[in-house]
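Trainee: I should be grateful for some guidance in reading the structure shown below.

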Amino acid sequence: RLGGARVGRIIMTKAAKYLTPVALELGSKCPCIVDWLDSKRDSQVAVNRIIGAKWSTCAGQACIAIDYILVEEQFAPILIELLKSTLERLFTKPEDMARILNERQFNRLCGLLEDHKVSRSIVHGGDVDPKTLSIEPTILLNPPLDSDVMTEEIFGPLLPIITVKKIEDSIEFVSSRPKPLAIYAFTTSEALKQRIVRETSSGSVTFNDAIVQYGLESIPFGGVGQSGFGQYHGKYSFEMFSHKKAVFRRSFLLEFMFRYPPWNDDSKLALLRHVFRYDYVSLFLALLGLRR
């Protein structure tokens, strides 16, 4: 990971001087779409995995951590209460969660909460301790979309929840913003899964779990657009920085004179058209004199 788009542009500028290929993983705001789940067990499993992907992994200080949740208005209160009760059960002591990396990042995250419009959206948590650089798992409900917490990558234990009328509206919400490094979606609807894959653009899509895709060397990892480009992991890292050199060989046995001028012969032009259209059957028949 290099940082955001600003750092990516600096790296590309330096690399361009030497025509050096680069792979940029720039991070982004990774959304998590949470559909209505009929089963209480499925809902609990989804919440466990959301908490694991947001707060258990370095207190959200990971490029692939869930950045915000999209959920239907009617399901939001149920989801929030389930998140609260599970957080209280999993994090019984402050030291159960990782601290913020350094004072600068701690102050940056505190600054996100100091916006009074954002602070009014807090429905859980919000306590900070500058002595230990700790921030409590914090849930925000519908903070302003133009606030820094919704326009900048959070990279910390703050989790905005944005409500939509219908879960399908989340697709338009995600597509209207910079392309994320990862999209997560918890749903049993195959139709919704297909729409997310088809109508959004992101480095990866993971259904019914989060961040686990990073640990699989059998699939490529990387961003797209604002979240970077180039794919790595396992063999994909080798291929990313390898030059695939094409080697073409021919014999002197066959020679097609129609490839050379002059092209004032209609039969030559017809043969060339077959070649450029990749119509090799017609080309073969024409060479045999069976078709023009």
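The following questions and answers go through its parts in turn.

Trainee: What kind of model is this, and how are its residues numbered?
Mentor: This is a predicted model, in which local features need pLDDT of at least 70, side-chain atom pairs count only at pLDDT 80 or more, and totals for chains, interfaces and linings use all residues. Side-chain values use heavy atoms, with hydrogens and water left out, and residues are numbered from 1 along each chain as its sequence is written.

Trainee: How many Å separate the centres of domain 1 and domain 2?
Mentor: The domain bounds come from an automatic or database domain assignment. That assignment places domain 1 at 5–238 and domain 2 at 257–288. Taken over C-alpha atoms, the distance between the two centres is 56 Å.

Trainee: What length does helix 1 reach from its first C-alpha to its last?
Mentor: Helices (H or I, at least four residues) and strands (E, at least two) are DSSP runs, numbered from the N terminus. The expected span of a helix is 1.5 Å times one less than its number of residues. Helix 1 covers residues 5–17, which are 13 residues, and the expectation is 18 Å. The model is close to this, with a reach of 19 Å.

Trainee: Which helix gives the most to the largest nonpolar core?
Mentor: A nonpolar core is a set of buried Ala, Val, Leu, Ile, Met, Phe, Trp, Tyr and Cys residues joined through side-chain atoms within 4.5 Å; buried means under 20% relative accessible area, exposed over 50%, and partly exposed in between, with a 1.4 Å probe and protein chains only. The largest such core has 34 residues, and those with the most contacts inside it are Trp55, Ile66, Ile69, Leu83 and Tyr184. Elements that each supply at least two residues of this core include strand 2 (31–34), helix 3 (76–90) and strand 8 (158–164). The greatest contribution, six residues, comes from helix 2.

Trainee: Which residues does isoleucine 66 touch?
Mentor: Contact means heavy atoms within 4.5 Å. Residues up to four places away in sequence are not counted for isoleucine 66. The residues touched by isoleucine 66 are Cys30, Cys32, Ile50, Ala53, Lys54, Leu159, Tyr184 and Ala210.

Trainee: At what angle do the axes of helix 2 and helix 3 cross?
Mentor: Two packed helices are described by the angle between their axes and the distance between the axes. Axes are lines fitted to C-alpha atoms, for helices over the stretch in contact, and angles run from 0 to 180 degrees between N-to-C directions. The axes of helix 2 and helix 3 come within 10 Å, and the crossing angle is roughly 65°.

Trainee: Is serine 43 buried or exposed?
Mentor: Serine 43 is found in helix 2. Leaving aside residues up to four places away in sequence, serine 43 touches Leu37 and Leu82. Because its relative accessible area is 11%, serine 43 is buried.

Trainee: What is the relative accessible area of tryptophan 36?
Mentor: Tryptophan 36 has its place in the loop between strand 2 and helix 2. It touches Phe75 and Ile78, not counting residues up to four places away in sequence. Tryptophan 36 counts as partly exposed because its relative accessible area is 37%.

Trainee: Where does alanine 59 lie, and what is its phi?
Mentor: Most residues other than glycine have a negative phi, and most peptide bonds are trans. Alanine 59 is in the loop between helix 2 and strand 3, and alanine 59 is buried because its relative accessibility is 0%. Its phi is positive, near 55°.

Trainee: Which loop holds proline 262, and what is the omega of the bond from proline 261 to proline 262?
Mentor: Proline 262 lies in the loop between helix 9 (235–240) and helix 10. The peptide bond that joins proline 261 to proline 262 is cis, and its omega is near 5°.

Trainee: What helps to cover the buried residues of helix 10?
Mentor: Helix 10 spans residues 266–276, and its buried residues are Lys268, Ala270, Leu271, Leu272 and His274. Tyrosine 278, with a positive phi near 55°, follows this helix. What covers the buried residues includes helix 11 (280–287).
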